[in-house]
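Here's a quick briefing for anyone opening this structure for the first time. Have a look around, then come back to the notes below.

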Amino acid sequence: MSSDTKQALRNLKFPCCVKEALSRIEQLCTSNAVPNVGRIQNCNLAMELITEFVFCEIDRRGEKKKKLNHIQEMQLVEVLSDYFAFSHNITAGGDAARNTVFMSLFPHTCVERCQLLVKLVSIAVCTNNIPLLSATGVLMQQIGCTSKFSVELAKGLINDYFILLPNASNKLRDLPCKAPLFTANFLTALSEIYFDIDPESLVECPTAVPSSSLLNIITEWVSDNNSLCYAALTNNLLLSLPMGGIPMPAVTPFVGLFKWCVLAPLYVDEHDLIYSKLHLALLESLLEAEVFCPSPSQRNVISVQHVTALVKLCNNKIERILQSPKIDSNGLRSRVQLCLERLAQFVQVALHTNSIYGSKQDLIARLKTLPKNRLLRITLSRHKEII
C-alpha cells in the first residue's frame with residue numbers, strides 16, 4: 001500500500017498532490033480499527049507522505065529538495081487553510097482527528113514548518129478559520145505556551161498585525177469569542193515577549209514594551225471577557241487530543257500580564273492609564289476564579305513559582321532604582337510605590353481566591369524582602385489566616 005500510495009501521489013502535480021496527500025494522511029492518522037503494530041506503520045507512512053508530498057522537503061529517493069518558492073508556499077498555505085476550514089466535512093473523527101493531522105504536520109522540532117505555520121495562522125485570523133485556530137491553540141498548550149515555539153508564533157502574529165499591517169489589528173477584536181483557547185494561549189506566549197528586560201537597565205526601552213495598539217487590544221480582550229484567562233483550564237483538552245494523548249498542564253496568562261502592569265511604572269512614562277485599566281481587568285477576572293473553577297482541586301490558576309520569579313524581578317529592579325542618583329527625579333519614588341501596590345493587589349486577590357498553587361510560604365518569604373509599602377504590609381500581616 002505504501003508504494004502504491006506514493007506512486008499515485010507522484011503522478012499528481014503540486015499543489016494537487018498536497019490535497020490528495022492530506023486525505024490519505026487523515027485516513028492513516030485517524031484509523032483506530034487496526035492493531036498497535038498497524039497504527040505505528042500507518043503513523044510512519046503518514047510522516048513520509050507529509051515530508052515528500054505536503055512540504056516537498058525530499059524527493060522520491062529521499063534526497064533533500066530545494067525550498068518551495070514564494071508562489072508554491074502561498075499555494076500550500078491556501079490548501080492547508082481550506083483543508084482545516086472544511087475539516088468538519090472531511091472527517092467524522094471530530095476535533096481529535098483534526099488535531100492529530102495538525103500535530104503531525106507541525107512538530108515543534110521542525111523550524112522551517114513553524115515559520116510557515118505563522119503565515120497559516122495569520123491568514124486564519126484574517127479569514128475566521130476557527131478550526132485551524134482551535135487546532136493551533138491545542139498545539140501551543142501541548143508544546144507549552146511559554147516555549148520558544150509558541151513565543152515565536154506570537155511574535156510572528158505581532159509582526160503581521162501590528163508592525164507590517166497595523167490597520168489590520170481590528171481583525172483581532174473578536175478573537176476571544178471565536179477562538180478562546182487559542183487567544184488565551186496566545187496571550188500567555190505574548191506575555192513572555194515584553195518586559196523581559198535587563199534588570200540593570202534604568203532607562204525606557206521602547207522595543208521591550210508592547211505598542212499602544214497591542215496594549216489596547218489586550219486590555220479590551222480581558223476587560224470584555226472575564227473568562228478568557230481561564231480558557232486553558234476550563235477546556236477539556238483530553239477530548240481534543242490524538243488517541244492516547246496526555247493533556248499538558250495549563251498555564252494561564254495571569255502572571256505574565258500582571259508582570260506588565262506591575263513593572264510598567266518602572267519602565268514607561270506613558271500609557272499608564274491603559275496599564276491601570278488592564279490591571280483592574282485582570283483583578284476583576286481573578287476575583288471570578290471560584291465561578292470559572294468552582295472546585296478548589298481544579299483551581300491551579302497561578303503557579304507560586306511564577307509569582308516568586310516576578311517578585312524577584314521587581315526586587316532587583318527596585319534595588320537598582322533606589323541606589324540610583326536619579327531616585328528623586330521623574331517621580332521615581334512614587335513609581336516604585338505604584339509598582340509595589342499593584343504587586344500587593346495581585347498577590348492579595350490571588351491568595352484570597354485560593355488561585356495560587358505551590359508553596360505559599362516561599363512566596364511570603366520573598367515578599368518580605370521588598371521595600372516597605374502599606375498595602376504590601378497589610379497583605380503580609382494577613383497571610384497566616386489566608387494560608
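Let's start on the outside: Arg-61 is exposed, with a relative accessible area of 65%. Its salt-bridge partner is Asp-59, with N and O 3.4 Å apart, and Asp-59 is buried at 19% relative accessible area. Asp-59 gets that label because buried means under 20%. Keep in mind that this is a predicted model.

**The chain as a whole**
- Helices dominate the list of elements: the chain has 21 helices and 2 strands.
- Along the principal axes, the C-alpha atoms fit a box of roughly 75 × 45 × 35 Å.
- Of the 387 residues in the chain, 50% are buried.
- Take the contacts between residues at least 6 apart in sequence, and 75% of them turn out to join residues at least 24 apart.
- The accessible surface is about 18,600 Å², and carbon and sulfur atoms account for 53% of that.

**Charges and salt bridges**
- The chain carries 38 positive and 34 negative charges, and the mean positions of the two sets lie 3 Å apart.
- Searching the whole structure turns up 11 salt bridges, including the Asp-59 and Arg-61 pair.
- Lys-67 pairs up with Glu-112, with 3.7 Å between the closest N and O atoms.
- That pair links distant parts of the chain, 45 residues apart: Lys-67 is in the loop between helix H3 (36–54) and helix H4 (70–85), while Glu-112 is in helix H7 (residues 111–127).
- Lys-67 is exposed at 64% relative accessibility, whereas Glu-112 is partly exposed at 42%.
- Another salt bridge joins Arg-24 and Glu-20, whose closest N and O atoms are 3.0 Å apart.
- Arg-24 and Glu-20 both belong to helix H2 (residues 16–30), and because they are 4 residues apart there, about one helical turn separates them.
- Both ends of this bridge are partly exposed, Arg-24 at 23% relative accessibility and Glu-20 at 30%.

**A nonpolar spot on the surface**
- Ile-163, Leu-164 and Leu-165 make a nonpolar surface patch of about 330 Å².
- You'll find Leu-165 in the loop between helix H9 (148–164) and helix H10 (175–178).
- Leu-165 is exposed, at 54% relative accessible area.

**A buried residue to look up**
- Thr-379 is part of helix H20 (residues 374–381).
- With 2% relative accessibility, Thr-379 is buried.
- Setting aside neighbours within four places in sequence, Thr-379 touches Ala-344, Val-347 and Gln-348.

Key
Residues are numbered from 1 along each chain as its sequence is written. This is a predicted model: local features need pLDDT of at least 70, side-chain atom pairs count only at pLDDT 80 or more; totals for chains, interfaces and linings use all residues. Side-chain values use heavy atoms; hydrogens and water are left out. Buried means under 20% relative accessible area, exposed over 50%, partly exposed in between (1.4 Å probe, protein chains only). Contact means heavy atoms within 4.5 Å. Accessible areas come from the Shrake-Rupley method with a 1.4 Å probe; for residues, only the protein chains shown count as cover. Lys and Arg count as positive and Asp and Glu as negative; His and the chain ends are not counted. The place of a charge is taken as NZ of Lys, CZ of Arg, CG of Asp or CD of Glu. Patches are made of residues with over 30% relative accessible area and no salt bridge: like charges are joined within 9 Å, nonpolar side chains (Val, Leu, Ile, Met, Phe, Trp, Tyr) within 5 Å. A salt bridge is a side-chain nitrogen of Lys or Arg within 4 Å of a carboxyl oxygen of Asp or Glu.
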